[in-house]
Amino acid sequence: MLRQSARPHRNEDEQQGRQRVCRHTTATRGTKGRALLCLISFLCFVTAPEFAIASYPPATAYAAKTTVVPVTNNRTYGTAVAADVGLVASLVGVASVQVTQFSGADATAAESLVASLSLPNSDTSVGNVDALVGDAPKHLAMADGVLVLGAPGRAGRSGGARVWRLDLSNANTWIDQTDLGSHTGVTNDMGASVATAGGDVIVLGAPYEDAGKGAAYVFQRDVDVSPWTWKTPATKITAPGATAGDRFGAAVAISHEVNGPGNGWVFVSAPGFNSGGGAVFCYARVTLTGNNYGWSYVQTLQAASKTYGDVTISQNFGTSLAVANNKLLLATRAPAVNQSGFGVSLGDGHVYLLARDGSAVFSESAASADTSAVVTTSEGRWVLDAVLTPTTTPGGEPSEFSVGAGAVGGNTVVLGVTGRASENGAGGSVTGWLRAVDSSDASKIGWVKQTRVKNDTVLGFGRAVAIDDGTAVVSSAGALTATESTNDFHEGSGVITRFRKNDPSPSPPPPLPSPPPPPSPPPAPVRGRLLHQLLPGR
């Protein structure tokens, strides 16, 4: 998880800032971001950005550093991925995770397989757990040495999760295996989605609770009892005005920074909200007595219909969620089965910025139809900063579609699309963006599309993506719910690839200094001595 924070650029003129709000452009903290993960490898095909702004930083090339395969070949390896502090966690099937360690961002080989972690068989023996987590699973999360694997099938589908902690004294060992579960025993499939903030707070989504109205459960670590226990019962969060089929809790995300207004958030998506249009609900952390936290509803985010080419998408907003440094929130949209655009749409990603006290600088990328005027609170408001769309698949390439793969870190967003099995499973690509400041006008902020990357040597490329401190992880996997013989969209090779910025080419040596004007005429021996003194080693 990237930890680079953003600093606000204050508007020089308050009236200009308000005019930006009225234009419905979006807010930023304007950081000197990390270099964009514009991905490229020796196997990858690169297309030119669809647009470029001369005064913005140019695209930066990235190369494939490492390709990782599972201990035993499995096409579902990498159906979900998480990356943090040199570790990459890859889902295998519905109930296992393999964690691989790398010595550094530029490592060209994995240092070791840290662990293979699994749920007990009892957690997956009841019902069709694969269907509960879907084609793009969200029941894996990892942050600050804490890994969470959701168990929605536990205890007759009341659900829960299993949690591990990395032993800092032995980087190859995960310890303190702990199970979180429902305190009511109600069948609600808790753990169909998970999020963690390094173990201090863990969120489990239960999208099928109460006829699909859904809920989210927040577990807070109880440091007064021991370093590795959680307070019970968990705090239950529900959507305002929930209706059956909303599936509140289908995806969850959390930001849990230092104490203070606006520094803690829980985000919960409800892709069935508003007749399937979808929404993301934002809850601000509130400090209570006794080292307790609460979460207060602040706002609902929704997306307008968009037409890309001949495909219009208007459903399933909040397919996945990702948040970075309490400043940027990414919500993807990809049509689900039986929705218009499924299997053909590249989807999109909506990026929101936390705006507080009128101090934010708005991006020039956001569309006015997709955001309302900023109304700040003590916690802030999340305001649309841009709507990002993957690069259109060039003619002659295999068809691509989105299952909602997206990640955000620092000032970087990556979106993945994958290929169709009907075209031999080939295709798939990843597009990245950098949020950058105009070098000639610091008040202008824009999301600049970077390089598109594809890899024709694997199947299912782009199904899942993650970002870790300047490194991107891209999986090539098949869906849990699919079989090769019956499904058109879910082939996969079962590998992951780490991408990193290319090492810069060595700079040419500076020109040799010109010798001072010699005396006229300079004696040859003297000039030789002068040159020797000016240019040592020659």
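Two strands count as paired here when DSSP finds at least two bridges between them. Keep that in mind as you click around; this is a predicted model.

**Stop 1: the sheet edge**

Select residues 279–287, strand E18, together with 293–301, strand E19. E18 and E19 run antiparallel and share 8 bridges. To find your bearings, label Val280 and look across to E19, where its bridge partner is Leu301.

**Stop 2: the whole sheet**

Now bring in E16 and E17, and you have an open sheet of 4 strands, ordered E16-E17-E18-E19, with antiparallel pairing. E16 (251–256) and E19 sit at the edges, each pairing on one side only. Ignoring direction, neighbouring strands in this sheet are turned by 20 degrees against each other on average.

**Stop 3: strand E17**

Select 264–270, which is E17. Is this strand mostly covered or mostly open? Mostly covered: 7 of its 7 residues are buried. Show the side chains and check both faces. Gly264, Val266, Val268 and Ala270 lie on one side, Trp265, Phe267 and Ser269 on the other, and all are buried.

Then look at the strands E17 pairs with. E17 is joined to E16 by 6 antiparallel bridges, and Phe267 in E17 has Ala253 opposite. Another 6 bridges, antiparallel again, join E17 to E18; here Val266 faces Tyr283 of E18.

**Stop 4: the largest cavity**

The structure holds 3 cavities of 30 Å³ or more, and the largest has a volume of about 800 Å³. To centre your view on that one, select Val81, Leu140, Leu321, Ala322 and Gly406, the closest to its centre of the 39 residues that line it.

Which strands supply at least two residues each to this lining? Colour E4 (81–84), E8 (140–143), E12 (193–196), E16, E22 (317–324), E27 (400–409) and E31. E27 gives the largest share, 7 residues. Colour the lining by residue type and you get 30 nonpolar, 6 polar and 3 charged.

**Stop 5: strand E31 and its hairpin**

E31, which you just coloured as part of the cavity lining, covers residues 461–468. All 8 of its 8 residues are buried, so the strand is largely enclosed by the rest of the structure.

Add E32, residues 471–476: E31 and E32 pair antiparallel over 5 bridges. Label Val465 and you'll find its bridge partner in E32 is Val474. Finish at the turn of this hairpin, which has 2 residues between the strands; Asp469 takes a positive phi near 50 degrees there.

Key
Residues numbered from 1 in each chain as written. Predicted model: local features only at pLDDT ≥ 70, side-chain atom pairs only at ≥ 80, totals over all residues. Heavy atoms only, no water. Buried < 20%, exposed > 50% of the residue type's maximum accessible area, 1.4 Å probe, protein only. Axes fitted to C-alpha atoms, helices over the stretch in contact; angles between N-to-C directions. 1 Å grid on protein atoms, 1.4 Å probe; cavity = no way out; pocket = protein on both sides within 12 Å on 5 of 7 lines; lining within 4 Å. Points joined across faces, edges and corners; volume = space filled by probe spheres on them. Nonpolar A, V, L, I, M, F, W, Y, C, P; charged D, E, K, R; others polar.
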